[in-house]
Amino acid sequence: MKPTNVTRLLDQRNIPYAVEELPARKLSAVEVAQILGVSPNEVYKTIVVKRKAKGKPILAVIPGGKAVNLKSVAQAVGEKKVELATEREAELLTKLKAGGISPLALINKGFQVILDHDALLFEYVYISGGQRGMNIRLPVTDLIEITHATLSDITT
């Protein structure tokens, strides 16, 4: 696979990673886990969450086998209420296609990243590489550092 903005960024920061090529269509995190032969809890998906107040949306990064808990996300970011973006809204807000939305592709774009604390159970996790058909395996500690993610219990 040719270099992308995400792989160039990881290379610049000397972050070890592996690119996993997948079918270039919208896949669920559970489907990605099946293709890669890993637990859905090791494949993280990015959920775009809108604030009721003004401000950039939140990227809730959660294990593939779980659902986002909006009350927990709201608490984590100090908002009274938040809501899920529709797929169309998520694509418009991030300028990425659903199935390819990734905090790695949205660094320095003003999004607040919240990573589910279960990520700490693993040394490495898989996350979208910013386009359909590309997943990146990288150390959890580096994911947290590069995205400035806050850790919180945000799943049900």
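Colleague: Let me start with one acidic side chain. How exposed is Glu83, going by its relative accessible area?

Modeller: This is a predicted model, and the class of a residue comes from its relative accessible area. For Glu83 that value is 29%. Because partly exposed covers the range between under 20% and over 50%, Glu83 is partly exposed.

Colleague: Which residue forms a salt bridge with Glu83, and how far apart are the closest N and O atoms?

Modeller: Read a salt bridge as a distance between charged groups, then ask where the partners sit. The partner of Glu83 is Lys50, with 3.2 Å between the closest N and O atoms. This pair links distant parts of the chain, Lys50 being in strand E2 and Glu83 in strand E4, 33 residues apart. The two residues are also bridge partners in the pairing of strands. Unlike Glu83, which is partly exposed, Lys50 is buried, at 18% relative accessible area.

Colleague: With which residue of helix H4 does Lys50 pair?

Modeller: With Glu89, through a salt bridge of 2.9 Å from N to O. Here too distant parts of the chain are linked, since Glu89 belongs to helix H4 (residues 87-94) and lies 39 residues from Lys50. Glu89 is partly exposed, with 26% relative accessibility.

Colleague: Which residue forms a salt bridge with Glu91?

Modeller: Arg132, whose closest N to O distance to Glu91 is 3.9 Å. That pair joins the loop between E6 and E7, where Arg132 lies, to helix H4, across 41 residues. Arg132 is partly exposed at 26%, and Glu91 is partly exposed at 26% as well. As for networks, salt bridges with shared partners connect Lys50, Lys52, Glu83 and Glu89. The total count of salt bridges is seven.

Colleague: Strand E2 keeps coming up. How many of its nine residues are buried?

Modeller: Seven of them, so E2 is largely enclosed by the rest of the structure. To read a strand, take its burial first and then its pairings. E2 and E3 run antiparallel and are joined by six bridges, with Val48 opposite Leu59 of E3. These two strands make a hairpin with six residues between them, and Gly55 in the turn has a positive phi of about 135°. With E4 (residues 82-84), E2 pairs in the antiparallel sense over three bridges. With E6 the direction is parallel, over two bridges, and Val43 faces Tyr126 there.

Colleague: Arg51 also lies in E2. Is Arg51 buried or exposed?

Modeller: Buried, with a relative accessible area of 17%. For a charged residue, the next step is to look for polar partners. A polar atom of the Arg51 side chain lies 2.7 Å from the backbone oxygen of Lys56. The Arg51 side chain also has a polar contact of 3.0 Å with the side chain of Glu79. Beyond four places in sequence, the residues touched by Arg51 include Ile58, Val77, Val82 and Gln112.

Colleague: What is the general idea behind a nonpolar core?

Modeller: In soluble globular proteins, nonpolar side chains tend to be buried together. In this model the largest core has 29 residues, of which Leu104, Leu115, Ile136 and Leu138 touch the most other members. Elements that each supply at least two core residues include H1, E2, E7 and H5. Helix H5 has the largest share, four residues. Outside its own neighbours within four places in sequence, Leu138 has contacts that include Leu10, Tyr17, Leu104, Ile127 and Leu143. Another core lies apart from this one, with 11 residues, among them Ile62, Val68, Ala74 and Val77.

Colleague: Which residues of helix H1 are buried?

Modeller: Val6, Thr7, Leu9 and Leu10. Viewed down the helix axis, they fall within an arc of 160°, so they line one face of H1. That buried set packs against E1, E7 and H5. The face turned away carries the exposed residues Asn5 and Gln12. Asn14 follows the helix and has a positive phi, near 55°.

Colleague: Which helix holds Gln75, and how far is its C-alpha atom from that of Ser152?

Modeller: Gln75 is in helix H3 (residues 70-77). Its C-alpha atom is separated by 9.5 Å from that of Ser152, with the two positions 77 residues apart along the chain as their separation. Gln75 is exposed, with a relative accessible area of 67%.

Conventions:
Residues are numbered from 1 along each chain as its sequence is written. This is a predicted model: local features need pLDDT of at least 70, side-chain atom pairs count only at pLDDT 80 or more; totals for chains, interfaces and linings use all residues. Side-chain values use heavy atoms; hydrogens and water are left out. Buried means under 20% relative accessible area, exposed over 50%, partly exposed in between (1.4 Å probe, protein chains only). A polar contact is a pair of N or O atoms within 3.5 Å; within protein, one must be able to donate a hydrogen and the other to accept it, and residues adjacent in sequence count only if both atoms are side-chain atoms. Contact means heavy atoms within 4.5 Å. A nonpolar core is a set of buried Ala, Val, Leu, Ile, Met, Phe, Trp, Tyr and Cys residues joined through side-chain atoms within 4.5 Å. The arc is that of the directions from the helix axis to the C-beta atoms. Two strands pair if DSSP finds at least two bridges between them. A salt bridge is a side-chain nitrogen of Lys or Arg within 4 Å of a carboxyl oxygen of Asp or Glu.
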